[in-house]
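Q: I'd like a close look at a single part of this model, with enough of the surroundings to place it. Take your time and walk me through it.

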Amino acid sequence: MTTKGVAADMESKENEKPMLILKDIHKFYGNNEVLKGISLEVRRGELVTFVGPSGCGKTTLLRLIGGFTDISAGDIILDGQRINDLPPNLRDTRICFQNYALFPHMTVAENVGYGLRINKWPKDKTAARVGELLEMVELEAFRDRMIDKLSGGQQQRVAFARALSLEPKVLLLDEPLSNLDANLRLVMREEIRKLQERLHITTVFVTHDQFEAMAISDRLVVMKNGLIEQVGTPIEIYERPANEFIAGFVGYVNFMDGRIESIDETTRNTVINTQYGRLEISLEQDNVKTGDDVLMVIRPESVSLSLDCGDKSQNVLCGALKSYMYAGSIAKCTVTIGDRTMIIDQYNPRDAQHFKNAEKVDVEIPRSVHLLKKK
Amino acid sequence: MATAELSVKLQASSGSKVKDFLNANMVNILAALLFLLLAFFLLYPIVAVLIKSLRGPSGFTLQYYQNFFSKNYYYQSLINTLLLGAINTVVCLVIGFCLAYMTTRGPWILRKPLKIISLVPLIAPPYLFALSLIILFGRNGLVTRALDLHWELYGFGGVVISQTLAFIPLAYMMIESTLMSLNPNLEESAYDLGATEATILRTITIPLLAPGLLKAALLIFVMTIAEFGNAAILGGRTPFLAPDTYTMITGESDFYMGSVLSVILIAPCILIFFIHNYLLEGKKFTTIGGKPVASEPRKITPLIKVPFVIITTVAAGAILICFAVVFAASFYKILGVTHNFVLSNYLDFTSNRAIYNSIRVSFVAAVIGAIIGVLLAYVIVRGQFFGRTFIEMISLSGFALPGTVLGIGYLLAFSAPPLKLTGGIMILALNCVFRFLAVGVEAGISKLHQIHIEIEEASADLGASFLTTFYKIVLPIMFPAFIAGFIYTFMTAIVSLSAVVFLVSPGFDLAAVIIFDKAVYGEIGIASATTMKLVLIVMICMLILNFISNKTKLGSSMKKSAAV
């Protein structure tokens with residue numbers, strides 16, 4: 001191997017090393033344990049989102065990484081260095097607070113340049129860097145404005161630029177979009193993601209909005225009651241949730257009980273016995289076996305609905321249409337199959353007029369259904 | 001709009017025109033009546049002082065003012081007073097800031113105890129500190145004798161120390177509330193961007209607190225220069241405006257010079273009241289809302305921690321010691337001189353009769369004050385008439401007026417017909433009512449802001465007349481504010497000294513006046529015991545107030561108005 005090859009190899013090894021490692025982190029407030037052993041690795045340049053219902057500990061975890069809250073047990077390792085005891089001003093992490101926390105007595109440029117001045121950058125370099133950052137967030141024209149003369153979205157950008165000013169190793173974003181109105185949120189979340197990818201900056205994002213989390217992240221960390229429930233890409237989390245909580249957290253879900261009757265080892269064709277009939281699916285997971293009691297995770301949009309035609313083909317169950325709410329691009333249907341009520345989303349609905357008057361419908365369960373093993 | 005709608009509704013339902021008029025204009029009629037009361041009992045006495053200072057035996061004259069500025073003695077007392085105010089303000093701000101910083105940013109375990117100690121002086125009449133300084137450092141003081149010292153407590157230094165201790169809670173409360181309202185994320189952001197504790201203080205915390213600190217400074221300044229008790233007890237031969245006014249009136253019966261001194265004392269107060277209200281209005285940095293959260297304790301660097309801890313410890317220690325020595329002194333004829341433990345101080349007849357008188361006066365004041373406070377709050381919030389802000393301003397101005405001025409004012413205004421009140425309990429009570437109106441009014445206003453006008457409109461819509469609505473809807477909702485105003489007026493009145501000292505008649509002593517007299521004449525035991533009785537009464541009042549505010553969520557609003 002040539003030296004060049006070795007160097008390249010070492011560099012790629014270096015890139016494979018995670019930027020941030022959390023090792024079995026615990027946090028107590030008095031007797032109240034808010035984090036109960038969190039372990040996680042965040043890769044370089046990755047955007048990881050902590051998501052979960054309020055009180056799950058996601059913000060506390062973010063504050064621990066930033067150094068604002070003392071850690072009760074465990075280790076935080078940033079780029080190979082243990083930073084448990086470093087105060088925020090000595091950590092190479094920068095945070096963007098939910099309320100932006102912009103200094104109201106300073107202009108936009110002074111806010112963005114605050115960290116640079118504190119770290120004794122020369123004046124000319126500071127000015128150049130501030131210009132560069134303001135250009136990046138498209139606020140050059142506002143450099144001398146006071147903070148309260150900016151719109152919410154502009155304030156968000158200033159906070160973002162300020163947090164990036166010192167080129168941190170990890171950027172921490174605490175619900176950065178929650179103070180913006182719905183449309184602006186969509187725009188800003190795309191902008192943040194684009195910038196993050198362009199700068200290749202490792203980012204930890206906290207939100208309670210599961211859809212925002214799915215849209216923006218490389219990986220999601222779903223938390224509940226101080227524990228990680230599942231870590232995975234948005235697709236993994238949505239299509240292969242680890243448990244009922246996650247399945248329900250990232251979107252509406254219909255559950256159906258069943259027992260695995262057989263699994264064809266070569267085709268993975270699997271027959272599931274339910275009380276409404278036998279269903280066939282193609283199994284994409286290997287944590288279940290024949291004879292297991294399972295919960296089928298059926299997303300509302302994965303089911304196809306057709307008007308009752310009497311012809312019962314494979315995976316089609318007979319249901320009673322209880323309500324049909326037409327809303328243009330989507331129709332929300334409530335169907336009962338036996339004693340079970342299912343919510344079914346029909347995108348690009350056709351024959352709405354007929355459905356409105358229909359009583360019986362055919363419900364086709366897709367073959368790509370995820371199974372949760374029942375305990 | 002409320003009244004207009006009300007009147008429309010009522011005209012439709014009721015027949016009598018007089019009744020309609022009354023219903024539609026009840027708020028205005030009420031406002032007019034209240035304004036008359038304010039004019040008569042608050043403005044008129046002050047004007048009387050002003051007139052007295054300008055009118056000689058032969059008409060208008062500036063003779064007395066000329067006297068003031070030409071005689072070194074008077075002139076010196078103005079300088080002393082302003083100097084005292086300045087020093088006191090600075091010291092109180094520094095101590096208050098350290099205490100507030102520790103209780104909002106410091107370690108959790110220290111927050112609560114420090115806060116309690118900082119607020120403890122509230123239960124004491126301010127002159128408790130003068131008393132405790134006499135016990136410790138006076139000519140026969142414990143420390144003086146133990147170390148065989150020959151120093152002079154009576155003078156500028158003694159007054160500064162006792163005033164500082166007395167005004168720590170005010171400084172603390174005001175600074176704490178601004179510190180609490182400062183979004184902790186701001187300081188955390190600076191910390192995050194590499195700033196050290198000292199840098200955060202210099203570049204973020206203090207600049208952002210500046211308007212709040214300035215407000216606190218102005219208020220403390222006004223309160224300090226107007227404060228009578230400590231300066232009168234410990235001033236010795238050093239002249240100060242407030243006690244000099246008293247000497248002028250009671251010692252030399254010179255009402256003309258007394259009035260001049262009052263006008264000179266009131267001038268900076270009025271000036272500062274206007275600055276406080278208008279210049280600082282809206283000069284607050286707004287930050288984007290988030291949940292207001294308590295700051296988590298920070299690793300405070302020794303550079304900040306050491307001086308802060310020293311200052312807070314000294315201040316907290318001094319406060320506790322002062323209470324302890326007055327408590328101890330109440331069981332001896334003169335602590336440190338006589339060694340027999342006695343209860344006679346508590347059984348003293350004059351003292352107990354004075355306490356009884358004080359309770360009577362304060363009770364009457366509290367009843368009247370609470371009623372007027374609630375009514376004023378109502379017309380200020382719901383009224384639509386011209387001069388509404390003016391009424392609000394006067395009713396809140398009482399706290400900024402030096403007590404001595406209002407004391408002389410009452411003496412001048414109500415000692416002769418048409419309304420001769422001197423010599424009775426009413427003049428004392430009314431004086432307290434109008435001096436301490438501000439808190440009752442503030443409590444009422446904040447309570448009313450919680451009620452939507454729609455509730456009253458709904459009542460009117462259902463056919464109720466103004467009085468019925470007021471009686472059935474407004475009063476019950478405002479009841480907590482009424483009680484708060486009542487208790488607050490009661491406990492402020494019972495310890496107040498500066499105005500009533502002019503108004504008590506021979507044979508009808510008040511507790512505060514007894515303490516003042518006994519302290520001046522060296523009967524420390526009785527003064528201490530009487531003080532402790534007052535402390536006990538105020539403590540009970542505070543507990544009741546606390547209980548009510550917890551029950552009715554009036555807490556935050558009361559705290560705010562108490563700090564204003």
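Which residue just after α9(B) takes a positive phi? And once you've got that, what is going on with the helix before it and its surroundings?

A: That's B:G194, with a phi of about 110°. Bear in mind that this is a predicted model, and that local features are only taken where pLDDT is at least 70.

Now the helix itself. α9 of chain B runs over residues 184–192, and 9 of its 9 residues are buried, so the helix is largely enclosed by the rest of the structure. The cut-off here is 20 or more other C-beta atoms within 10 Å. The list starts with B:P184, B:N185 and B:L186, goes on through B:E187, B:E188 and B:S189, and finishes with B:A190, B:Y191 and B:D192. As a reminder on helices in general, an α-helix has 3.6 residues a turn, so residues three or four places apart point the same way.

What do those buried residues pack against? From chain B there is α10 (197–226), and from chain A there are α2 (58–66), β6 (93–96) and α3 (108–118). The packing of α9(B) therefore involves elements of both chains, with burial at 9 of the 9 residues.

That leads to the contact between the two chains. Chain B puts in 24 residues and chain A puts in 24 residues. On the chain B side, α9 and α10 each supply at least two of the residues that touch chain A. The largest share of that side comes from α9(B), with 7 residues. By class, the chain B side divides into 10 nonpolar, 10 polar and 4 charged residues.

Stay on the chain A side for a moment, around β6 and α3, two of the elements that α9(B) packs against. The loop between β6 and α3 of chain A holds A:Y100. Its phi is near 70°, which is a positive value in a residue other than glycine. A:Y100 counts as buried because it has 27 C-beta neighbours inside 10 Å.

There's a useful contrast back in chain B. B:S253, a residue other than glycine, also has a positive phi, near 50°. B:S253 sits in the loop between α12 (241–251) and α13 (255–279) of chain B. With 8 other C-beta atoms within 10 Å, B:S253 is exposed, whereas A:Y100 is buried.

Now step back to the chains as wholes. Chain B has 26 helices and 2 strands, and 51% of its 564 residues are buried. Take its contacts between residues at least 6 apart in sequence: 81% of them join residues at least 24 apart. Chain A has 10 helices and 20 strands. Of its 375 residues, 37% count as buried, and the corresponding share of contacts joining residues at least 24 apart is 65%. Along its principal axes, the C-alpha trace of chain A spans about 80 × 55 × 50 Å.

Chain A is divided into domain 1 (18–248) and domain 2 (252–307 + 316–364). Their centres, taken over C-alpha atoms, are separated by 39 Å. The contact between them takes 5 residues from domain 1 and 4 residues from domain 2. On the domain 1 side, those residues are 2 nonpolar, 1 polar and 2 charged.

Some strand detail from chain A rounds this out. β11 (residues 254–263) pairs with β14 (residues 293–298) in the antiparallel sense over 6 bridges, and A:D257 stands opposite A:L295 in β14(A). β14(A) also pairs with β20 (residues 370–373), again antiparallel, over 4 bridges. Here A:V297 has A:H370 in β20(A) as its bridge partner.

One more strand residue is A:Y347, in β18 (residues 340–347) of chain A. It counts as exposed because it has 9 C-beta neighbours inside 10 Å. Leaving aside neighbours within four places in sequence, A:Y347 is in contact with A:E301, A:S329 and A:I330. From A:Y347 to A:F205 is 31 Å in space, C-alpha to C-alpha, and 142 residues in sequence.

To come back to your helix: α9(B) is largely enclosed by the rest of the structure, supplies the largest share of the side of chain B that touches chain A, and is followed by B:G194 with its positive phi.

Key. Residues numbered from 1 in each chain as written. Chains lettered and ligands numbered in written order. Predicted model: local features only at pLDDT ≥ 70, side-chain atom pairs only at ≥ 80, totals over all residues. Buried ≥ 20, exposed ≤ 12 C-beta atoms within 10 Å, placed from the backbone. Contact = placed C-beta atoms within 7 Å. Pairing = 2+ DSSP bridges. Nonpolar A, V, L, I, M, F, W, Y, C, P; charged D, E, K, R; others polar. Domains from an automatic or database assignment.
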